[in-house]
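Here are a few exercises to work through with the model open beside you. Try each task before you read its solution.

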Amino acid sequence: MVVLSKPAPVEQMSVIKTHKSNSFFNGIPVIDLSRPDAKAKMVKACMELGFFKVVNHGIPTGLMARLEAEAVKFFSLSQAEKERDSGISSPFGYGSKTIGRNGDVGWIEYLLMQTNKESVSEISKALIRDNPDAFRTAVSEYLSAMKKLACEILEMMADGLNIQPRNLFSKLLMFEESDNLFRLNHYPPCPLLQGREGKLTGFAEHTDPQIISILRSNNTSGLQISLRDGSWVSVPSDQKSFFINVGDSLQVLTNGRFRSVRHRVLANSYKSRVSMIYFGGPPYTEKLAPLPLLMGEGEECLYKEFTWFEYKSCAYKTRLADNRLVQFMK
Ligand SMILES: C=C1C[C@]23C[C@@]1(O)CC[C@H]2[C@@]12CC[C@H](O)[C@@](C)(C(=O)O1)[C@H]2[C@@H]3C(=O)O
Ligand SMILES: O=C(O)CCC(=O)C(=O)O
Ligand SMILES: [Fe+2]
């Protein structure tokens, strides 16, 4: 892949921590969605890691490739073009080297958007001068496929947990007002690190606040997850598959049975990483609390009830690495 943008000046790099790179982990659970044991394996993965890979998902590779090409085209524009005033209000639109509003930095540039048709159309028109329609259709078609896949996976989780109705989780993503987000990330190669020990932080460690995240990347590694003992392991990239993160909200709904996975991205010295992440979130007014029908007799309820709006408002005041759920524990 071509080098997409100029590296930042060296003085900016000092604020981005370096890490020793870890070897690849071969214990990522792989869930074949076409197999009858998929539901049980998924629930086990959500309980142990909060993270798994799905194969045989039925999403055409062409859909992913088309969107990746559109993303590469956008990130290849000049910095001035990407940063021109688009009228899109924060936190949405184009961002580079800073994530959120609370001082997080990374070796990254990105596009963050809401997933409804109007927002996708608005962002396409505002940022893409050359053929905004090609970008808009690639994003829209990908998002429809992601919503369907997220719902299918959440329904399999409900089945695996033996709870009904099976759309108990998935319905939260299906409302017109559901707060589903989408992010295209680009981690440029970092030539200044070539031949040196250590890696730059691309996206600092965090858990995703939503219910579920579906991540797809090109064939450049960089994603790491934290295991239960707190150690970090590298996830081998696989551009044909999707990686699923359990988010904080699903940890709450399941009273901690499912764990929201702590993850981060380290930049690569030689290759660009391009990732696309769909975040499935509920409507702002939705009340979240451990599901009574999941609770065993005498089981302690770990979290207070809160609305997604309350959670998100608190979350957006925190730094990436903060544990956002502690404020909502009983
Ligand atoms: C530092 C921040 C960026 C973030 C909002 C926050 O204050 C804490 C959560 C961050 C996160 C992580 C997952 C997603 O990438 C994201 C869009 C989200 O919903 O929560 C980001 C937020 C962001 O980039 O605005
Ligand atoms: O870019 C990636 O691979 C992961 C990014 C991520 O964790 C996020 O956007 O929340
Ligand atoms: Fe994330």
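**Exercise 1. Find which protein atoms act as donors to the iron ion (ligand 3), and work out how they are spaced in sequence.**

Solution. Keep in mind that this is a predicted model.

Step 1: look for N, O and S atoms within 2.8 Å of the metal. That search gives you NE2 of His206, OD of Asp208 and NE2 of His263, at 2.1 to 2.2 Å from the iron ion.

Step 2: write the donors down in sequence order, and the spacing reads H-x1-D-x54-H. The pair His206 and His263 thus ties together distant parts of the chain, 57 residues apart: His206 belongs to strand E7 (residues 199-206), and His263 to strand E12 (residues 263-266).

**Exercise 2. Decide whether His206 and His263 are buried or exposed.**

Solution. The cut-off you need is 20% relative accessible area, with buried meaning under that. His206 comes in at 7%, so call it buried. His263 has 5% relative accessibility, so it counts as buried as well.

**Exercise 3. Describe how the protein holds ligand 2, starting from the residues around it.**

Solution.

Step 1: list the neighbours. There are 13 residues around ligand 2, and the nearest are Asn185, Tyr187, His263, Arg273 and Ser275.

Step 2: check polar contacts to oxygen atoms of ligand 2. The side chain of His263, already met as an iron donor, places a polar atom 3.0 Å from one. For Arg273 the side-chain distance is 2.6 Å, and for an N or O atom in the side chain of Ser275 it is 2.6 Å. On its own ligand 2 would expose 290 Å², and the protein buries 98% of that.

Step 3: sort the shell by strand. At least two residues each come from strand E6 (181-187), E7, E12 and strand E13 (273-280). E13 gives the largest share, with 4 residues.

**Exercise 4. Do the analysis for ligand 1: which residues come closest, and which strands each supply at least two residues of its shell?**

Solution.

Step 1: ligand 1 has 17 residues around it, with Arg183, Asp208, Gln210, Ala315 and Thr318 the closest. Asp208 also turns up among the iron donors.

Step 2: again, go through contacts to ligand oxygens. Gln210 brings a polar side-chain atom to 2.8 Å, Ala315 has a backbone N or O atom at 3.1 Å, and Tyr316 has a polar side-chain atom at 3.4 Å. Of the 470 Å² of accessible area that ligand 1 has on its own, the protein covers 99%.

Step 3: the strands you want are E5 (104-114) and E7.

Methods:
Residues are numbered from 1 along each chain as its sequence is written. Chains are lettered from A and ligands numbered from 1 in the order in which they are written. This is a predicted model: local features need pLDDT of at least 70, side-chain atom pairs count only at pLDDT 80 or more; totals for chains, interfaces and linings use all residues. Side-chain values use heavy atoms; hydrogens and water are left out. Donors are N, O and S atoms within 2.8 Å of the metal (3.2 Å for Na, K and Ca); water is not among the atoms, so sites may look incomplete. Buried means under 20% relative accessible area, exposed over 50%, partly exposed in between (1.4 Å probe, protein chains only). A residue is near a molecule or strand if one of its heavy atoms lies within 4 Å of it. A polar contact is a pair of N or O atoms within 3.5 Å; within protein, one must be able to donate a hydrogen and the other to accept it, and residues adjacent in sequence count only if both atoms are side-chain atoms. Accessible areas come from the Shrake-Rupley method with a 1.4 Å probe; for residues, only the protein chains shown count as cover.
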